[in-house]
Amino acid sequence: MVTLTSGARRLRGGALVPADGGGSRDGTMAWKILAAHNQSGDSEQLRIRFDAMASHDITYVGVIQTARASGMTSFPLPYALTNCHNSLSAVGGTINEDDHLFGLSAAKKYGGEFVPPHQAVIHQYMRERRAGCGRMILCSDSHTRYGPYGTLAVGEGGPELVKQLLGKTWDIPRPEVVAVYLTGAPRPGVGPQDVALTLIKATFSSGFVKNKILEFIGPGVASLSMDFRNGVDVMTTETTCLSSIWATDGTVRDALTVLGRPDDYIKLAPDEGALYDGAAEIDLSRIEPMIALPFHPANAYPIREFCQNAEALLREVSKNAKEQWGFAPDLTNKLINGAFFVDQGVVAGCAGGLSENIQAVREILHGKRLGDFSLSVYPASQPMLLELTRDGTVAGLIESGVTVRTAFCGPCFGAGDVPGSGGFSIRHVTRNFINREGSRPGDGQTAFVALMDARSIAATAANGGRLTAADAVCGGESDWIEAACVRPQFDDAPYKARVYHGVGSPKPDTELVRGPNIADWPEMAPLPDDLTLTVASALYDAVTTTDELIPSGETSSYRSNPLKLASFTLSRRDPGYIGRCQELGYGSAVVALRPGDGSAREQAASCQRVLGGIANIALEYATKRYRSNLINWGMLPFEWPELETERPEVGDTFAVTGVRAAVESGAERVEAVWTHKGTPRETALLLPGLTPDERKTILAGCLMNVR
């Protein structure tokens, strides 16, 4: 289904062939867009300015507070503040709505857009209002992907948005570009999540596309609708790629025309002879309905294969849960006469809550009744919900027993449709990390989420909760998807009625509304001359997610309060961490093999910093964005190759003499003494690839201190 090819490949006559010395790396769509936005004049060290930005209500307070402290007086580019994560206002009393009021006042004061709760999830809003061919967009959310619209979009931690607000740039070495060459067309019952999970499974573990740009080309692109492309594209984040871009065609032109923005269409295609740094070739006709078992989208199997080996695979899930939690329910009790039964289904957010997915659910459930099975559907925007209401989709869903809700990202991070303890939920959302289903293992509450496409979720719902692949119910009609779906329309009346549009029109006299939970950042000390790092947590999983570093779910409500939020740091992964940091004060460090997979949340780093953390020591960093978060919060992103074999323990120390001088000089190797179980040993910690600006930030103690 997916063939990965390392090494250079060249586009010749519409096909990928081995590079023969010809072709140009400048011929890719990705490079053309990067070059148009590069301010450095250097094709290898890029300094990018973006066309637009967005943040949601978990991140925008911190971004604006940081930018204010650094001297920002207005937003210098279009900046949308959306409210789709804490929109339930269900945790902590009034504090979530206080954040929303802060956001509205900030949009007025500094000249931005404010999208009230329940109007749209962040990425659907940006697709509908800002994505266009040849553009670059930056958002403080990891699933920032608008490639099908010809937009190179990037998800980063909040400080990278702060830099844009301060007139600075996003600085990266020129990234490699991998061609994703599509052929064929999906079979009936196969949806975008199935294609995405297949790609993630093929690339994640090996790091094949880590920090690279995926460029979707090939004849198979034309077989996919716009919703289908968006559904695949948004999931590329889970491959650990940097961004994505797609060839554009009449489908994109028509989609932008429907959105009322026909002039935003430009035909994008790679040049003849364009040179790629690798390739992933996908035959869409061979993709099967998939399921990604807990606790990662890469833990994916064809549903057919899972059903054949359910008992063994479920025991493996329980084993993984026990390693994380110390205990786990026996999931094999959900096998009845060899069939696996689930408790709940959800179709939501930037991946699942798209018109075509929802219309397909309606089609599959036509004439069916859900009974005890719970299924919730969240259209991704109010304009989308309006059209689904007008075309009869909503009525059909409600008649079948589906609960139709407003735009909300909660089911993706454990703040919506939480199952009962021991429950198993199937969801068309972006992630199924541990705790993203609402579990609280410390309280004995456990639940599990598997990722599936909306079509197979609907097939399972129609079958009374018995796990069922959609191709088992969709028949053999080659035009099944087209027959199930109504041509999308767009009426922005809900946005005209509710969204505040203030881009380019700041009102500086506006007072910011600051509720009692909105707190300023504490002062951060500059990097000292010498440093003794004490290991406060040592994590030796293959990958450590940002959800483990700072949990999602109910903690999200406290992200406007740095000290309050810091009290949750590593609370579900290493409950003793906070107490150790409090004893140590300044100078703690986290040791992990590959920290930072998953969310772009800056708080995974800033919370460590608030507690006195000053470094991470890693074999490598799972994502560029987490490493950037460490740097922007004044933390040393050390790499230590000896972690291949060595295992420092909590309480070990690393004495680094002359660390400030080393950072100032641009040294990439810093001599240190590692003391393990009372025995000192000379070693070296590495700081590869720090730019002058990044070194300046670390020396100052954090981005806010840079002047």
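These exercises cover the cavities, aromatic pairs and ring-bound charges of one predicted model.

Local features need pLDDT of at least 70 and side-chain atom pairs pLDDT 80 or more, while totals for chains, interfaces and linings use all residues. Residues are numbered from 1 along each chain as its sequence is written, and side-chain values use heavy atoms, without hydrogens or water.

**Exercise 1. Describe the largest cavity: its volume, its lining and the elements that supply it.**

Step 1. Fix the term. A cavity is a set of points, on a 1 Å grid over the protein atoms alone, where a 1.4 Å probe fits but cannot get out; lining residues have an atom within 4 Å of a point.

Step 2. Search the whole structure. There are 6 cavities of 30 Å³ or more. The largest holds about 290 Å³, where a volume is the space filled by probe spheres set on the points.

Step 3. List the lining. It has 29 residues, and H85, D141, H143, F413 and R436 lie nearest the centre.

Step 4. Sort the lining. It splits into 12 nonpolar, 12 polar and 5 charged residues. Asp, Glu, Lys and Arg count as charged; Ala, Val, Leu, Ile, Met, Phe, Trp, Tyr, Cys and Pro as nonpolar; the others, Gly among them, as polar.

Step 5. Assign elements. α4 (122-129) and α11 (349-352) each supply at least two lining residues. The largest share, 3 residues, comes from α11. Helices here are DSSP runs (H or I) of at least four residues, and strands (E) of at least two.

**Exercise 2. Classify the ring pair of F50 and W170, and place both residues in the fold.**

Step 1. Fix the term. Rings of Phe, Tyr and Trp (its six-membered ring) pair if their centres lie within 6.5 Å; planes under 30 degrees apart are stacked, over 60 edge-to-face, the rest tilted. The structure holds 16 such pairs.

Step 2. Apply it. The centres are 5.5 Å apart and the planes at 55 degrees, so the pair is tilted.

Step 3. Place the residues. F50 is in the loop between β3 (45-48) and β4 (52-55), and W170 in strand β9 (residues 170-173), so the pair ties together parts 120 residues apart in sequence.

Step 4. Check exposure. Both F50 and W170 are buried (under 20% relative accessible area; exposed is over 50%, partly exposed in between; 1.4 Å probe, protein chains only).

**Exercise 3. Which charged end sits over the ring of W31, and which residue lies over the face of Y301?**

Step 1. Fix the term. NZ of Lys or CZ of Arg must be within 6 Å of the ring centre and within 35 degrees of the ring normal.

Step 2. Read off the cases. R174 sits over W31, 3.7 Å from the ring centre. K201 lies over Y301, at 4.6 Å.

How values were computed. On a 1 Å grid over the protein atoms alone, a cavity is a set of points where a 1.4 Å probe fits but cannot get out, and a pocket is an open set with protein on both sides within 12 Å along at least five of seven lines; lining residues have an atom within 4 Å of a point.
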